[in-house]
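Visitor: I should like to learn how to read the features of a protein model. Where might a beginner start?

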Amino acid sequence: MNLNETLKYVGKDYPIHDAMSKVRGELLYTGDLKMQNMLYAKLLLSPIAHGVIKRIDTSKAESLPGVVKVFTHFNSPNVKYNRYRTAPGQGNCEYDQYLFSKKVRFVGDRIAAVVATSMEIAKKAVRLIDVEFDELPALCNVEVALENKDVKIHEKGNLLAEYEYEIGNRVQEQDSVTVETKVDTQRIHHSAMERHVCIANFDSLGRLTIWSPCQGAFGIRTVVADLLGLNYNKVRVIKTPMGGSFGGKQESILEPIVAFLARETKRPVKLEFDRTESIVATMTRAATKLNIKTTFSKDGKMLACDMKNILDAGAYATHAISYISVNMGDITRLYRVPYVRYSAKSVYTNTVISGGMRGWGSPEFFTAVEVHMNQAAKTLQIDPVELRLKNLVHPYDVDNLKKLSLGNARIIECLKKGVEEFKWYERYNKPKTNGRYRRGIGFACGGHSNGKYGKPVEFSTMNLKMNEDGTFDLNTGLHDQGCGTITSMKIIVGEVLGIDPDLINVMEADTATSPYDLGTYATRVTYVCGRCAYNVAKATKGKILDIASIMLQTAKQYLETDNGYVWEKGNDEHKVSFKEIATAALTKYSINIDMTVTYQANSNPGGYGAHFTEVEVDTFTGLVRVIDYLAVHDVGRAINRCMVEGQIQGAIQNGIGYALCEQVEVNSKGRVMSDSFKNYHLINAVDMPEVKVSLLEYGGDEGPFGAKGIGETAIVPVAGAVINAINNALDTNLTHLPLTPEKILASLNLR
């Protein structure tokens, strides 16, 4: 799309659509909702990592006044399901989980649910349930799980899935240099302000309604309906306002349980986790062990790359098969590599379940790649910037794995601009000091997809209706996570129609009334759904002009429109308002201006960023302070500039925590040691440096007005940049995340 066109609304700064109601405390989240005759559920979670339930006595809990019923594996569906599934027939889904299992597989596994008339009674009743276990050995890391073939976490064994893939042809050169790096990444918690919560009701007509702050209402419907044996038209999922997700609410975690409890009790049921339950009993970013071995020519060209990845799936499969398969093509999205050999394993362990998190594998993968590239630069004695520039992808290169164009990929421009704005060489060539406080700089590159095109069919459907007063309703299957999706759609439609975005109401997902949409995943919303909004607005504008042409007695090609009016070119006195058009269409011409459009994506370009940072390391305490940060991103076109910048700033805070301190730590017995914010350490506002954001807007792809997504891309380079800066400060090769003070001090003492 033409970046030279003058735009009235796109590229300006807008608050998110519900900002005022949030500030005033008026917005009702799911946890705030109360329904007539509502019941409250509380789960009994396993205190052990692995074992078979020998005996479970619920009699004391059931006799407590106010307890309606207690559910266990004895009185719940004996049906396996996969909570990650988004559509019937979806591949890479291992069905290995029950609502309540006779065999527990991690500390936090579901044993029972109490449904009571109040939360206080439900909590008290849970403590009265007596369970006796036949305890089994706890296999709490991937090495132990793979070695111990006699103890099977699931019947099929502890190896969940395995992939091996080769891309291209291995290039042989004399005097080539091979560099190998091993990087371990850790589990982390999504840390959304809103904890996991869901409400469900099963009415007298056999209709199930679920209220959930989710990322995929239609996906939840397919999981719940199939699990409970209900027709899809009897299951309604309503997406409610969300207090943050970062990927933590993309799976059907609470919804199947609450739906079952509501069906059995025939009353509304609410289940809300506390912070500890949200950490130990939902999902985390997966822990990985990555080994990267790259062969370079003497002058730094990548000739071949061999990668091995072992992913800790935790106790159940959910997404873990897809996760390792998606990582196969990540490196060819960023670097020109003639030959790639990728092998990966997903391994069951008796630990908290792994799941998707912002970036969906890219942060852990590219952290390893970018730390590896810095080590390669040191080995080859080549400047780390120059090494990247020799190998980064160019605009419209073809991804060797998916055989798709990477679009107008501008990672080289991101890197060059960052080098200039950060004054990289001036800082890089500065002499190092050997005092207590040591400073270092680092950078990293990263990329991410823009949707799912190339695997399943990738499309979005939207309906745009013009009201009698000239305002509009956009009916969508979108899921705003609090990051401004709804506002972006309003801006896109407003720009096309030439009206103030506030005159457009955007509806979110409700499976009973919304057109189908896959959900908020894979950085697809701006690129795919935004383009659908653009197209439906174009179609609606065409219909508006048809009516205006009749009213003004002027051919469409001679009409202009802006600010809610249509007029004859060169004669702005001869005009009609949108309100007049809408009223005339309905009352005079019997025409309903109501358009539905399906947009099917036909491309999946890369979104890119280069991040630069300076850190200060206290060699007495091992503490690291990030003191300066620059993020340069190829966004195609910024739809809502301040929200794009806000997404990047938030991702940097998240990524610094990933590099330095966040960790869901599990001991040898499978118990989570960091199960609350008292001992799960986040980067707070006072820890943050000034973050400078620079946006590159080259357009050239299929997104609305040339836009690409940013929500996940922004976190990809962060940890790699911070780790490279620490290694630069200390002249170390630290690769085991997070780089806690203890690890830094240990590395200094070993020298």
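Guide: We shall discuss aromatic pairs, a helix, two sheet regions and a pocket in turn. Please keep in mind that this is a predicted model.

Visitor: How many aromatic pairs are there, and how is one of them read?

Guide: Two rings pair if their centres lie within 6.5 Å, and planes over 60 degrees apart count as edge-to-face. By this rule, the count comes to 15 aromatic pairs. Consider Phe71 and Phe260: their ring centres are 5.3 Å apart and their planes stand at 75°, so this pair is edge-to-face.

Visitor: Which elements hold Phe71 and Phe260?

Guide: Phe71 belongs to strand 3 (residues 67-71) and Phe260 to helix 6 (residues 255-265), so the pair ties together parts that are 189 residues apart in sequence.

Visitor: Are these two rings buried or exposed?

Guide: A residue counts as buried under 20% relative accessible area. Phe71 has 0% relative accessibility and is therefore buried. Phe260, at 2%, also counts as buried. Another pair, Phe677 and Tyr680, is tilted, with 6.5 Å from centre to centre and 40° between the planes. Here Phe677 is partly exposed at 35% relative accessibility, whereas Tyr680 is buried at 1%.

Visitor: Which residues form an aromatic cluster, and which charged residues lie over the face of a ring?

Guide: One aromatic cluster is made of Phe422, Trp424, Tyr428, Phe443 and Phe612. As for charges, Arg285 lies over the face of Tyr658, at 5.2 Å from the ring centre. Lys575 is placed over the face of Tyr565, at 4.6 Å from the ring centre.

Visitor: What can be read from the length and surroundings of a helix such as helix 14?

Guide: An α-helix has 3.6 residues a turn, so residues three or four places apart point the same way. The length can be checked too: at 1.5 Å a residue, the 13 residues of helix 14 (residues 485-497) should span 18 Å, and the end C-alpha atoms are 19 Å apart, which agrees. In helix 14, 13 of the 13 residues are buried, so this helix is largely enclosed by the rest of the structure. After helix 14 comes Gly498, with a positive phi near 80°.

Visitor: What is the strand order in the open sheet of three strands?

Guide: The order is 4-2-6, with antiparallel pairing. Strand 4 (103-104) and strand 6 (130-135) stand at the edges with a single partner strand each, so one side of each has no neighbour in the sheet. Strand 2 (residues 51-57) is joined to strand 4 by two bridges, and Val52 stands opposite Lys103 in strand 4.

Visitor: In which sense does strand 15 pair with strand 14, and in which with strand 16?

Guide: Strand 14 (residues 287-296) and strand 15 (residues 302-314) are antiparallel over ten bridges, with Thr294 opposite Cys305. These two strands form a hairpin with five residues between them, and Gly300 in the turn has a positive phi of about 100°. Strand 15 and strand 16 (residues 339-348) pair in the parallel sense over nine bridges, and Gly314 stands opposite Tyr348. Eleven of the 13 residues of strand 15 are buried.

Visitor: What is the volume of the second largest pocket, and which residues line it?

Guide: Rolling a probe the size of a water molecule over the atoms shows where empty space is left. The second largest pocket has a volume of about 560 Å³. It is lined by 27 residues, of which Leu623, Leu660, Cys661, Ile683 and Pro741 are the closest to its centre. Among the elements that give two or more residues to this lining are strand 26 (607-618) and helix 17 (641-660).

Terms used:
Residues are numbered from 1 along each chain as its sequence is written. This is a predicted model: local features need pLDDT of at least 70, side-chain atom pairs count only at pLDDT 80 or more; totals for chains, interfaces and linings use all residues. Side-chain values use heavy atoms; hydrogens and water are left out. Rings of Phe, Tyr and Trp (its six-membered ring) pair if their centres lie within 6.5 Å; planes under 30 degrees apart count as stacked, over 60 as edge-to-face and the rest as tilted. Helices (H or I, at least four residues) and strands (E, at least two) are DSSP runs, numbered from the N terminus. Buried means under 20% relative accessible area, exposed over 50%, partly exposed in between (1.4 Å probe, protein chains only). A charge sits over a ring if NZ of Lys or CZ of Arg is within 6 Å of the ring centre and within 35 degrees of the ring normal. The expected span of a helix is 1.5 Å times one less than its number of residues. Two strands pair if DSSP finds at least two bridges between them. On a 1 Å grid over the protein atoms alone, a cavity is a set of points where a 1.4 Å probe fits but cannot get out, and a pocket is an open set with protein on both sides within 12 Å along at least five of seven lines; lining residues have an atom within 4 Å of a point. Grid points are joined across faces, edges and corners, and a volume is the space filled by probe spheres set on the points.
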